[in-house]
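Q: I am new to this structure and would like a close look at one part of it. Could you choose a place to start, and then show me how it fits with the rest?

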Amino acid sequence: MHVPPPSPVSFTSKPRQAQVSDSGDVKPAVSHLHYPINSWQLPAVLVHHSHASADNSGYIDTRHSAEEQWVHWYQAECRRTVGTLVPDTVQKNCGYIGTRQSAEELWVHWYQAECKRTVGTLIPDKVQKNCGYIGTRQSAEELWVHWYQTQCRRTVDTLVRGRVQKNCGYIGTRQSAKELWVHWYQAECRRTVGTLVPDSVQRNCVYIGTRHSAEELWVQRCVPLAALLLVCLLLGDPTGADVGLHLPQGGVLYPRASEIREVQSLDGIWNFKLDSPEQNGIRNQWFGKDISKMDGTIPMPVPSSYNDITASAEVRDHIGLVWYDRGFFVPNSWKSQGFRVWLRFGSVNYFAQVWVNGKKVTEHEIGHLPFTIEITDVVTYGRENKLTVAVDNTLGSETIPQGSLHQVPTMQGPKTIQRYTFDFYNYAGIHRPVYLYTTPKVYIDDIELTTDVSGARVYLNYNLFYKGYSSIDNTINSTVSVVDKDLVVCFETCIVENGMGNISGRIEVTNPKLWWPYLMSPDPGYLYTIEITLHTSETGVMDVYRMPFGLRSVTWDNNTVYINDRPIYIRGFGRHEDSDIRGKGLDLPTSVKDHNLLRWIGANAYRTSHYPYAEEIMDLAESQGFMIIDESPSVNTENFTQILLEKHKISIAEMINRDKNRACVIMWSVANEPRTADRGAGPYFGSVVGYTRSLDSTRPITAVLNRWYTVDQAGQFMDVICFNRYNGWYTEAGQLESIQLAVESEAQNWREKHLKPVIMSEYGSDTYEGLHNLPHYIWTEEYQQQLLAEHFKAFDNLRKKGWFIGEMIWNFADFKTDQSITRVGGNKKGIFTRQRQPKTSAFLVRRRNFQLASMLDGVKPPADLFIYTASANGYRDEF
């Protein structure tokens, strides 16, 4: 997918933690952003700020650079002390850091300046004395501990947790320096009138080992915070040149074997090891070692989440880095044939760094989406290669989705835990298949397909992208073929290309068979195959790629959404990728079972709540005719910052890049239950939706909203209004009589405010399987059944109005959540258990869905929909 730069902001995402070179040196991996002056802006925040020079610090790996660093740092500190400059002699001393005497004088004077600034409180003379002995680790430890204490006293009585103070003592190692600077930065942030500078700045603090990182760190500190929130990390060309988002710059075509391409699965049992909170794996260069020979290594299946594989709470609850590795061979034939060799991960949660034979080859932030890297120049032929992956599950205020780290006191010392507001378990690991595959030198990189339906005539628009061509190559020919299920070639054309890199065209498909949703056609989910061949007259066939696709159109107006010019009515679910043991790891048996149950229950759609699902799952949906609302990983989005906005856009760009050709995807959801009443939500989501529409204008856009319609700021940008509300559960629990009025009133209010189609995208109640009570009572199967029935009454009234177009139960099946006193083994709102067994309400929902299918689309109900109760002239269900 060739993605246009976002308007008005550009961004390159890098990871949230220290990067490592082949030699083990920490390298900068910060977010490089450039914001044009017309960029989307956060509300200005007026805070006290420094005017320290940005021309500073950098050469920290040499003694001379250290001198420059401290001079500038000292100057910045001096300017920050209420306009009082410490005598010039101190400043002069800063320059002579190359000797112990000068260091002593520097620190003594700096300490005195700090003491004068701390509300008249002097730290004991012992500390001042210790400041002089900077040449030893012990003195450095004491210096930093006390300096940290001074900083803490200065932070408006806010003390950073004890773990930081302890870490400050180990300044002799790179890891400790990282921890020191991260926490010092946090303390500084807390001191700025409660305003936190974006996480990208905090992230910069860890990369003190390089010139670039130190420069960025100090530049951040030198900019007024209000401006920082607007031009955060403005380090590139000051003229305003566009640095560009770290967006998909090519295709992520699913690896498919052909007569040219070869595919090798790397799934199986990998070696697995937890890292320490101090990230010893990075420091000790595990990426260059055999993890299987280390203590504490265990086998780990890939794909799977690692959390539930063992009997260890330490593994389940681990926060931070974990390490995987395995060996693999590259056939000698791949070298002799001149193949390019590629590595592809379907999904790694949340942040991945990848090494091949000890060399860093790629990194990827944001889970649930694939990433690919060419490794031709890194692999060896004829002997075993080593693949190592470091996975970090840490979530912050500017990750997608968001989370936070906290510490709880224990007898063994503070324990770091992760908290998040979303209501599903933050499973982590290598969740989807890992492939090694080949392409030729000149290869098909991406395919974009769209369909136009005009009466009985159907047109396929294609745009093909290839790479690897050079001017010395021969003229490239491309053959495009469309093949139906019976392997009949419906269309074929040959195009001569001049090496520009893309080939576009339009095909009229004869006797077209359209892709239809389940129960809207006797043959739902019909798929053709498009076959692309690159070849020259001199070399013959160079590359072949085949891909299934469906012919269908999606259009919409202010009342409804149409598939192939017919209005739809969505009957479906919110779901999760979630199963016993595997967690969020791809579980093909469960996925197939799920789609069988969806057909059994008469559903025609589901939302990929709250992240893009595995491509293998999307294949099942597409081939069986299920409409998909494809959702980005942004859930409970809040605290809107520029960095968060750019990562949000990246997640959407990667999702669209992957799923743009799927007929089953009828709508993009840019977020689930964002805090759209909060300050800044309107401009934020205006930017998100505008960018999404610039990538794909062929599908409607929504966000799943749960803030009240009177305060929501995002609905105005959507094409379809989706809203969640738990009447009879979170609102008026136990009061079933209140449901119908509440649902109808709110849906009507959303409609009147925006004049757009409306879907109720979540409703339901927790139900513990096997719990019964007569009369109905909350948590019982009877209560869930009655609650759904009350919603059905409202939906039938709303459907008659012509603009209410869907009902989606939360949830299809029970799923795991974080531990909570409000969750008994997880979220129990499913109409199926986590093991995919039906609760009583599943039979009620099945009858309703097929009743609607009969009324709306003329579907004959299945024979087993009703259980025999009496003779034909007796009584049975009203239907």
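A: Let's start with two rings: Phe795 and Phe804 are both buried (under 20% relative accessible area, where over 50% is exposed and anything in between is partly exposed, with a 1.4 Å probe and protein chains only). Keep in mind that this is a predicted model, in which local features need a pLDDT of at least 70, side-chain atom pairs count only at pLDDT 80 or more, and totals for chains, interfaces and linings use all residues. Residues are numbered from 1 along each chain as its sequence is written, and side-chain values use heavy atoms, leaving out hydrogens and water.

Phe804 also belongs to the largest nonpolar core, which has 144 residues. Such a core is a set of buried Ala, Val, Leu, Ile, Met, Phe, Trp, Tyr and Cys residues joined through side-chain atoms within 4.5 Å. Phe804 is among the members with the most contacts inside this core, and so are Leu460, Ile570, Phe573, Val670, Leu788 and Ile831. A contact means heavy atoms within 4.5 Å. Leaving aside residues up to four places away in sequence, Leu788 touches Tyr763, Ile809, Ile831, Ser841, Leu844 and Val845. There is also a second, separate core of 33 residues, including Tyr324, Ala352, Leu387 and Leu436.

Now back to the rings. The whole structure holds 37 aromatic pairs. Rings of Phe, Tyr and Trp (its six-membered ring) pair if their centres lie within 6.5 Å; planes under 30 degrees apart are stacked, over 60 edge-to-face, and the rest tilted. Tyr528 and Phe549 make a stacked pair, 5.9 Å from centre to centre with 25° between the planes. This pair links distant parts of the chain, 21 residues apart: Tyr528 is in strand 24 (residues 528-536) and Phe549 in strand 25 (residues 540-549). Strands (E, at least two residues) and helices (H or I, at least four) are DSSP runs, numbered from the N terminus. Both Tyr528 and Phe549 are buried. The rings we began with form a pair too: Phe795 and Phe804 have ring centres 5.5 Å apart and planes at 20°, so they are stacked.

Rings gather elsewhere as well: Tyr420, Phe422, Phe424, Tyr518, Tyr606, Tyr611, Tyr613 and Phe626 form one aromatic cluster. Two other rings have a charge over them, meaning NZ of Lys or CZ of Arg within 6 Å of the ring centre and within 35 degrees of the ring normal. The charged end of Arg506 is 4.2 Å from the centre of the Tyr459 ring, and that of Arg799 is 5.7 Å from the centre of the Tyr569 ring.

The loops are worth a look too. Glu538 lies in the loop between strand 24 and strand 25, and is exposed, with a relative accessible area of 54%. Its C-alpha atom is 9.3 Å from that of Thr475, which is 63 residues away along the chain. His368, in the loop between strand 12 (359-365) and strand 13 (371-374), is buried, with a relative accessible area of 6%. Beyond residues up to four places away in sequence, His368 touches several others, among them Gly346, Arg432, Lys584, Arg658 and Tyr611, a member of the aromatic cluster.

Next come the strands, which pair if DSSP finds at least two bridges between them. Strand 34 (residues 721-724) is covered on both faces, with Ile721 and Phe723 buried on one side and Cys722 and Asn724 on the other. Two bridges join strand 34 in parallel to strand 33 (residues 701-705), where Leu705 stands opposite Phe723. Strand 34 also runs parallel to strand 35 (residues 758-762), joined by four bridges, and there Ile721 has Val758 as its bridge partner.

Finally, the chain as a whole. It has 20 helices and 36 strands, and 59% of its 879 residues count as buried. The average pLDDT (the predictor's confidence in each residue, from 0 to 100) is 78, and 70% of the residues score at least 70. Over residues 114-245, however, pLDDT is below 50.
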